[in-house]
Amino acid sequence: QVQLVESGGGLVQAGGSLRLSCAASGLTFGRYTMGWFRQAPGKEREFVAGINWSTYYADSVKGRFTISRDNAKNSVYLQMNSLKPEDTAVYYCAAEFYSGNSYRQEEYDYWGQGTQVTVSS
């Protein structure tokens with residue numbers, strides 16, 4: 001049974017930083033493209049960042065967020081710097097088997113439950 005468990009969310013002031021983690025189990029982690037998505041209240045879930053053999057980002061976070069992975073620990077991370085109030089959302093970790101750059105949530109096979117990030121102004 002595949003499980004993705006996010007952690008690291010919280011409340012932070014604008015300009016601050018947070019590091020999200022996602023621990024995966026039940027899959028051959030190194031064979032999966034991993035992604036981070038977010039969903040703000042009243043909005044659709046949107047792509048944030050992805051990583052396979054390279055990294056790729058939404059324009060809204062490029063230069064502020066960094067995605068990384070540790071295959072030995074079956075984990076993916078999202079370092080978020082220079083946070084803005086508009087980054088407030090529930091952040092989700094997702095996994096897709098062996099693909100190129102995937103930006104659409106429909107392409108991902110597994111999802112975590114999400115972790116809340118709130119950025120105050």
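## Charges

Lys and Arg count as positive here, and Asp and Glu as negative. By that count, the chain in this predicted model carries 11 positive and 11 negative charges. Take the mean position of each group. The two mean positions lie 5 Å apart.

## Strands and overall form

The chain has eleven strands and zero helices. Reading along the sequence therefore gives the pattern β-β-β-β-β-β-β-β-β-β-β.

How does the radius of gyration of the chain agree with that of a compact globule? With 121 residues, such a globule would come out near 14 Å. The chain has 13 Å, so the two agree. Along the principal axes, the C-alpha atoms fill a box of roughly 40 × 25 × 25 Å.

Now look at contacts between residues at least 6 apart in sequence. Of these, 61% join residues at least 24 apart.

## Inside and outside

Buried residues make up 44% of the 121 residues. On the outside, the chain exposes about 6200 Å². Carbon and sulfur atoms supply 45% of that area.

## The nonpolar core

The largest nonpolar core holds 34 residues. Which of them touch the most other members? They are Met-34, Trp-36, Val-76, Leu-78, Met-80 and Tyr-91.

Several strands feed this core with at least two residues each. They are β3 (18–25), β4 (32–39), β5 (46–51), β6 (55–57), β7 (65–70), β8 (75–80), β9 (89–97) and β11 (115–120). The largest share comes from β9, with five residues.

## Two residues with positive phi

Most residues other than glycine have a negative phi. Asn-74 has a positive value instead, with phi near 50°. Ser-82 also has a positive phi, near 50°. Neither residue is glycine.

Where do these two residues sit? Asn-74 is in the loop between β7 and β8. Ser-82 is in the loop between β8 and β9.

Are they buried, exposed or partly exposed? A residue counts as buried under 20% relative accessible area and as exposed over 50%. Asn-74 has 25%, so Asn-74 is partly exposed. Ser-82 has 41%, so Ser-82 is partly exposed too.

Conventions
Residues numbered from 1 in each chain as written. Predicted model: local features only at pLDDT ≥ 70, side-chain atom pairs only at ≥ 80, totals over all residues. Heavy atoms only, no water. Core = buried A, V, L, I, M, F, W, Y, C linked by side-chain atoms within 4.5 Å. Buried < 20%, exposed > 50% of the residue type's maximum accessible area, 1.4 Å probe, protein only. Helix = DSSP H or I, 4+ residues; strand = E, 2+ residues; numbered from the N terminus. Rg over C-alpha atoms; globule rule 2.2 N^0.38 Å. Contact = heavy atoms within 4.5 Å. Areas by Shrake-Rupley, 256 points an atom, 1.4 Å probe, with all protein chains shown as cover. Charge placed at Lys NZ, Arg CZ, Asp CG, Glu CD.
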